[in-house]
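Open the model in your viewer and keep the selection box at hand. Each stop below tells you what to select and what is there.

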Amino acid sequence: MQDQPQLGDTPPEVFRQQLHQLADWIADFREGLGKLRVAPNHQPGAIRAALPAQPPEEGEAFEKILEDIDRLIVPGMVHWSHPMFLGYFGWPQTGPGILGEIATAPLNVNAMTWRTSPAATELETLVVDWVRQWIGLPEEFGGVVYDTASVGIMHALAVAREEAAPSTRKLGLTGRDLPRFRVYTSDQAHSSVEKAAIALGLGEENVQRVPTDAEFRMDVAALRVTIERDLAEKYKPLAAVATVGTTSTASVDPIPEIAKICLEHKMWLHVDGAYGGGFAILPEYRWITKSWSEADSVVINPHKTLFVPLDFSILYVSNLERLRRVFALVPEYLRGDTIEAEKNYMDYGIQLGRRFRALKAWVIWRSLGRAGMADRLRDQMRLTNLLVDWIKADKRFELAAPVVMPVVCFRLVTGDESSRRSGAKADVSTVDKLNGEIVERINASGRAYLTQTKLRGRTVMRIGFGNVLTTEDHVRAAWELIQETAGSGD
Ligand SMILES: Cc1ncc(COP(=O)(O)O)c(C=O)c1O
């Protein structure tokens with residue numbers, strides 16, 4: 001500590017040494033990750049209780065801080081990058097992804113305008129266009145990088161709102177003779193649709209959830225009926241949100257039919273490909289992109305399926321100028337910085353200050369190439385199919401939804417028959433409880449991590465693949481753990 005200056009930064013030689021120390025720490029962490037518990041068994045509040053509540057008055061040595069990360073933070077984490085983490089959609093952490101994040105840190109720029117960050121701006125435009133080419137979107141689609149798909153859909157629906165109710169940007173929604181707008185999405189769609197409606201003053205209740213068919217895809221006939229009913233009641237259909245890769249089962253809505261309805265009613269079509277959109281880089285998944293060209297906006301989360309570390313989400317809009325028209329607003333102090341610009345990304349959303357997210361994407365995509373990502377996605381499908389075969393071979397279990405992407409919903413059905421005799425209600429709750437308990441017990445064991453969800457009101461277990469460290473051995477171990485836990489719960 002005495003060697004450190006009072007002001008300014010860490011001396012270069014000390015910083016170099018700390019970086020080496022951190023490099024070793026990262027490499028050791030990555031190498032030893034598989035041996036850690038996947039999830040902690042702490043009581044809520046335990047981690048905070050182990051840390052001093054008082055803010056530090058004097059600076060501390062980096063070694064001491066790193067030691068505490070090891071001692072207190074790492075054991076308190078759910079390790080999303082652990083090979084036995086099979087929750088949500090899996091998690092695509094990779095070496096190049098980590099390198100990309102590290103390389104971004106010292107630059108620490110603000111990518112708000114071209115002038116303030118020419119390379120960050122131009123690289124963003126470049127990588128956004130790489131993904132556009134990979135997923136086969138037409139050239140008229142321009143994109144912008146946000147943190148998440150939730151923020152993406154909010155911006156998309158803001159444009160839809162402005163186009164349906166011109167001057168809303170200027171005048172707001174109240175005190176004007178405007179109809180009540182409706183947004184349609186399936187009963188399997190993500191809650192970010194309601195969040196956007198809340199934020200935009202459209203109202204949560206004006207998001208109409210349309211039923212799905214037996215394969216959890218939006219029922220287009222039901223969509224028509226809902227729209228007709230709304231029209232009769234003087235609502236104004238504003239937008240439809242079709243999902244490619246729904247959150248529970250990764251089902252894909254029938255976009256061509258939904259696009260046709262949007263055209264008929266002059267509605268905005270938003271394609272939520274937050275999870276599933278990335279699979280469009282595979283020729284065998286090209287079918288999912290049918291009619292995306294007719295959409296007004298498409299969101300895709302490369303941090304879910306295209307190996308970019310969180311956070312990195314792209315919103316594409318057919319003619320990005322439509323988005324700029326709603327959000328461009330140049331404060332006086334930035335006027336000088338916004339001239340001579342190729343593009344000022346602050347004009348395409350709420351955020352002014354923006355991270356340089358494109359660099360990590362550029363690093364990972366150059367490191368893996370499309371082919372490297374495709375191989376890894378295909379391997380996820382191979383593991384998925386293995387698991388599906390094992391589930392089908394064990395009579396105590398059944399698949400709870402068709403498998404479209406590397407997401408498997410399944411449930412234990414043992415006990416259904418015996419409890420059915422004692423009344424349908426008891427049967428459902430007993431078996432549902434059992435399925436939920438298996439997930440809870442496995443997660444509490446620290447040996448694997450799964451999620452549970454509800455499908456048609458029934459509790460099911462759910463496994464999502466996405467981690468490059470997950471191998472066949474891990475999947476087999478997870479399946480044996482599920483079988484064992486189900487057995488001991490009988
Ligand atoms: C289909 C779908 N859309 C949107 C989202 C929201 O994504 P984000 O966390 O990027 O806001 C999710 C999250 O899992 C999702 O599954």
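Select Val299 and Leu315: Val299 stands opposite Leu315 in S7. Val299's side of the pairing is strand S6 (residues 297-300), and four bridges join S6 to S7. The two strands run antiparallel. Two strands pair if DSSP finds at least two bridges between them. Strands (E, at least two residues) and helices (H or I, at least four) are DSSP runs, numbered from the N terminus.

A word on the model before you move on. It is a predicted model: local features need pLDDT of at least 70, side-chain atom pairs count only at pLDDT 80 or more, and totals for chains, interfaces and linings use all residues. Residues are numbered from 1 along each chain as its sequence is written, and side-chain values use heavy atoms, with hydrogens and water left out.

**The seven-stranded sheet**

Now select the whole sheet. Seven strands form an open sheet in the order S1-S7-S6-S5-S4-S2-S3. The pairing is mixed. Which strands are at the edges? They are strand S1 (141-146) and S3, and each pairs on one side only. On average, neighbouring strands here are turned by 20° against each other, direction ignored. Angles run from 0 to 180 degrees between N-to-C directions, and axes are lines fitted to C-alpha atoms, for helices over the stretch in contact.

Add helix H6 (residues 149-164). H6 packs on the sheet, touching S1, S2, strand S4 (235-243), S5, S6 and S7. The direction of H6 makes about 175° with that of S5. Contact means heavy atoms within 4.5 Å.

Go to strand S2 (residues 180-186) and strand S3 (residues 207-210). Four bridges join them, and they run parallel. Find Ser186: it stands opposite Val210 in S3. Follow the chain from S2 through helix H8 (residues 192-199) to S3. This β-α-β crossover is right-handed. That is, with the strands pointing away from the viewer, the path from the first strand over the helix to the second runs clockwise.

While a strand is on screen, look at its side chains. In a regular strand the side chains alternate between the two faces of the sheet.

**Two helices side by side**

Select helix H10 (residues 255-264). H10 lies across S4 and S5, running at about 155° to S5. Add helix H9 (residues 220-232). H9 and H10 pack at an angle of about 20°, with their axes 10 Å apart. They are therefore roughly parallel to each other (angles under 35 degrees count as roughly parallel, over 145 as roughly antiparallel, 65 to 115 as roughly perpendicular and the rest as oblique).

Which residues make the contact? From H9 come Val220, Leu223, Arg224 and Ile227. From H10 come Glu257, Ile258, Lys260, Ile261 and Glu264. They divide into five nonpolar, no polar and four charged. Here Ala, Val, Leu, Ile, Met, Phe, Trp, Tyr, Cys and Pro count as nonpolar, Asp, Glu, Lys and Arg as charged, and the others, Gly among them, as polar.

**Two loop residues**

Select Lys266, in the loop between H10 and strand S5 (268-273). Its phi is near 50°, a positive value in a residue other than glycine. Next, pick Asp311, in the loop between helix H11 (302-305) and strand S7 (313-318). A cis peptide bond joins Leu310 and Asp311, and omega is about 0°.

**The four-stranded sheet**

Jump to the sheet with the order S8-S9-S11-S10. Its four strands form an open sheet, and the pairing is antiparallel. The edge strands are S8 (397-399) and S10 (451-455). Neighbouring strands of this sheet are turned by 40° against each other on average, direction ignored. S8 and strand S9 (residues 407-412) pair over three bridges. Select Leu399: its bridge partner in S9 is Phe410.

Add helix H13 (residues 358-393), which packs on the sheet and touches S8, S9 and strand S11 (458-464). H13's direction makes about 15° with that of S9.

**Last stops**

Keep H13 and add helix H4 (residues 95-107). H4 and H13 pack at an angle of about 150°, with their axes 8 Å apart. They are therefore roughly antiparallel to each other. Among the residues that meet are Gly97 and Gly100 in H4 and Val363 and Ile364 in H13.

Finish at Trp25, in helix H1 (residues 12-32). Leaving aside its neighbours within four places in sequence, Trp25 is in contact with Leu66, Ile69, Asp70 and Val74.
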